[in-house]
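Please look over the sequence and the model below before reading on. The paragraphs that follow lead through a group of aromatic rings and then turn to a charged part of the surface.

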Amino acid sequence: AGDLEAFVAAFVTPDVDEEDRTHFLASLRGGAGATDDAAPAAGAAEAEADDAPQLPALLAELRCCATGEGVFKVEGNMKKGPVVFHFHSPRPGMGLIDREVEFVKQDGQWYAEG
């Protein structure tokens with residue numbers, strides 16, 4: 001559990017508030033649940049998908065950025081940031097869906113944006 005908390009601390013930009021960090025951590029673990037301002041669930045399948053741990057999907061996307069697998073465009077300033085990786089979804093059956101991850105540099109450290 002401590003490793004995941006350390007990952008969030010290193011991955012998320014320092015300007016993200018504690019409530020958002022806690023929600024992100026819960027989504028990585030699974031079972032994040034709906035927030036008060038969320039729309040009602042459309043069905044059980046959607047609710048189940050919301051409760052599934054997001055860590056495996058996030059790691060698969062970061063693997064694309066690190067290895068270049070599925071990446072079709074990288075844009076931005078590689079030294080100062082931001083840098084955006086555009087790639088095909090690594091999830092099975094979702095390869096036609098394009099994804100992107102943006103990294104920003106703050107105080108000499110790289111973080112994921114958004």
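**Aromatic rings and a charged patch**

In this predicted model, Phe-7 counts as partly exposed because its relative accessibility is 23%, a value between the limits of 20% for buried and 50% for exposed. Phe-11, by contrast, has a relative accessible area of 13% and is therefore buried. Both residues belong to helix H1, which covers residues 2-11, and because they are four residues apart there, about one helical turn separates them.

How are two such rings to be compared? A pair of aromatic rings is described by the distance of the centres and the angle of the planes. The count of aromatic pairs in this model comes to three. In one of them, the ring centres of Phe-7 and Phe-11 are 4.9 Å apart and the planes stand at 20 degrees, so this pair is stacked, the cut-off for stacking being under 30 degrees.

Phe-11 also forms a stacked aromatic pair with Phe-24, with 6.2 Å from centre to centre and 10 degrees between the planes. This second pair links distant parts of the chain, since Phe-11 lies in helix H1 and Phe-24 in helix H2, 13 residues apart. Phe-24 has a relative accessibility of 24% and so counts as partly exposed. Through ring pairs, Phe-7, Phe-11 and Phe-24 are linked into a cluster.

Helix H2, which spans residues 18-29, also holds Glu-19. With 65% relative accessibility, Glu-19 counts as exposed, and together with Asp-17, Glu-18 and Asp-20 it forms a negative patch on the surface.

Technical notes. Residues numbered from 1 in each chain as written. Predicted model: local features only at pLDDT ≥ 70, side-chain atom pairs only at ≥ 80, totals over all residues. Heavy atoms only, no water. Patch = residues over 30% accessible without salt bridge, like charges linked within 9 Å, V, L, I, M, F, W, Y side chains within 5 Å. Areas by Shrake-Rupley, 256 points an atom, 1.4 Å probe, with all protein chains shown as cover. Salt bridge = Lys/Arg side-chain N within 4 Å of Asp/Glu carboxyl O. Lys, Arg positive; Asp, Glu negative; His and termini not counted. Charge placed at Lys NZ, Arg CZ, Asp CG, Glu CD. Helix = DSSP H or I, 4+ residues; strand = E, 2+ residues; numbered from the N terminus. Buried < 20%, exposed > 50% of the residue type's maximum accessible area, 1.4 Å probe, protein only. Phe/Tyr/Trp six-rings, centres within 6.5 Å; stacked < 30°, edge-to-face > 60°.
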